[in-house]
Amino acid sequence: MIKKELSNYVERLFSNYKQNQEIQEMKEEILTNLEAKVEDYMEQGMSRDEAFDQAVKHIDSVDFMIDGNHRIYVNRYLTELIQTALIYSLLIWIITIPARIMFKGVLLNEALMFVSMMVGVIYLFMIWRTNDETRDTVSIVNIKYVFKWKRKIWLIWLMFIIAILVTIIALRFGSDLWFWRPVHISGPYQLAELLYSFSYPFISIAIPLLFNKACSILGKYEVNS
């Protein structure tokens, strides 16, 4: 019975972690140590419940044992990250102002202005709520996991760009290319619209760049770094 209770306790400790070989080995090691401690305490005269409580007393988290886990000042970290997001959104908004000569450009520019305003509100809220107590709030972040996603985000973005550009080419020039007709551009406005269509997907580069920033500043806010 006590072994089942200890097993359930260990499972709860690892409930936030994906099952793999490393996690399984850690579970088995901790469970073995806890069982040995309970036996020792019961031999010393403790009841079963007292022995259980004493054995698990100092193991309320396994975060520090997971490879790649680091403690960071999460509010300081998020404030700088949101500040960077605000800078990126404002830069992209400014860059897209000339596109307002076209209807699609107006929609895009106003949408980016709205995004910038929302990010600005979030940033001001983060500054307002960060006081001496919340400033030093600590959270666990698995840096290995974050850096693994860094590469995935760039790959996903590249695939997105390729898919969008292929779609634009197919929609605008599909019939011409299929029938081997020359591509005709009627004037400066159509040329500007065409250049806009091919360039606007690249503003999404702010997303992988922001993720890059998220990775690069982790060490800056690591506790005791």
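Rings of Phe, Tyr and Trp (its six-membered ring) pair if their centres lie within 6.5 Å; planes under 30 degrees apart count as stacked, over 60 as edge-to-face and the rest as tilted. The model is predicted: local features need pLDDT of at least 70, side-chain atom pairs count only at pLDDT 80 or more, and totals for chains, interfaces and linings use all residues. Residues are numbered from 1 along each chain as its sequence is written, and side-chain values use heavy atoms, with hydrogens and water left out.

**Exercise 1. An aromatic cluster**

Task: Find which residues form one aromatic cluster with Trp-157, and classify each pair.

Solution.

Step 1. Start with the total. The whole structure holds five aromatic pairs.

Step 2. Take Trp-154 and Trp-157. Their centres are 5.8 Å apart and their planes meet at 85°, an edge-to-face pair. Both sit in helix α6 (residues 143-178). Helices (H or I, at least four residues) and strands (E, at least two) are DSSP runs, numbered from the N terminus. The two Trp residues are three residues apart, so about one helical turn separates them.

Step 3. Check accessibility. Buried means under 20% relative accessible area, exposed over 50%, and partly exposed in between (1.4 Å probe, protein chains only). Trp-154 is partly exposed at 27%. Trp-157 is buried at 13%.

Step 4. Take Trp-157 and Phe-202. Their ring centres are 6.4 Å apart and the planes stand at 70°, so this pair is edge-to-face. It links distant parts of the chain: Trp-157 is in helix α6, Phe-202 is in the loop between α7 (188-199) and α8, and they are 45 residues apart. Phe-202 is partly exposed, at 38%.

Step 5. Join the pairs. Trp-154, Trp-157 and Phe-202 make up one aromatic cluster.

**Exercise 2. Salt bridges**

Task: Find the salt-bridge partner of Arg-76, then find which residues share a network with Glu-80.

Solution.

Step 1. Set the rule. A salt bridge is a side-chain nitrogen of Lys or Arg within 4 Å of a carboxyl oxygen of Asp or Glu. The rule gives four salt bridges.

Step 2. Start at Arg-76. Its partner is Asp-136, with the closest N and O atoms 2.2 Å apart. Arg-76 is in helix α4 (residues 74-95), while Asp-136 is in the loop between α5 (103-129) and β2 (138-142), so the bridge ties together parts 60 residues apart in sequence. Arg-76 is partly exposed at 22%. Asp-136 is also partly exposed, at 37%.

Step 3. Move to Glu-80. Lys-213 bridges to Glu-80, with the closest N and O atoms 3.6 Å apart. Lys-213 lies in helix α8 (residues 206-216) and Glu-80 in helix α4, so parts 133 residues apart in sequence are tied together. Lys-213 is partly exposed at 25%. Glu-80 is buried at 12%.

Step 4. Add Lys-220. This residue also bridges to Glu-80, at 3.0 Å between the closest N and O atoms. Lys-220 is in the segment after α8, 140 residues from Glu-80 in helix α4. Lys-220 is exposed, at 54%.

Step 5. Connect them. Shared partners join Glu-80, Lys-213 and Lys-220 into one network.

**Exercise 3. Charges over rings**

Task: Find which ring Arg-76 lies over, and which ring Lys-152 lies over.

Solution.

Step 1. Apply the test. A charge sits over a ring if NZ of Lys or CZ of Arg is within 6 Å of the ring centre and within 35 degrees of the ring normal.

Step 2. Take Arg-76. It lies over the face of Tyr-73, 4.0 Å from the ring centre.

Step 3. Take Lys-152. It lies over the face of Trp-149, 4.9 Å from the ring centre.

**Exercise 4. Two distant residues**

Task: Give the element that holds Asp-40, then the separation of the C-alpha atoms of Asp-40 and Tyr-189.

Solution.

Step 1. Place Asp-40. It is in helix α2 (residues 21-43). Asp-40 is partly exposed, with a relative accessible area of 41%.

Step 2. Read the separation. The C-alpha atoms of Asp-40 and Tyr-189 are 84 Å apart, and the two residues are 149 apart along the chain.
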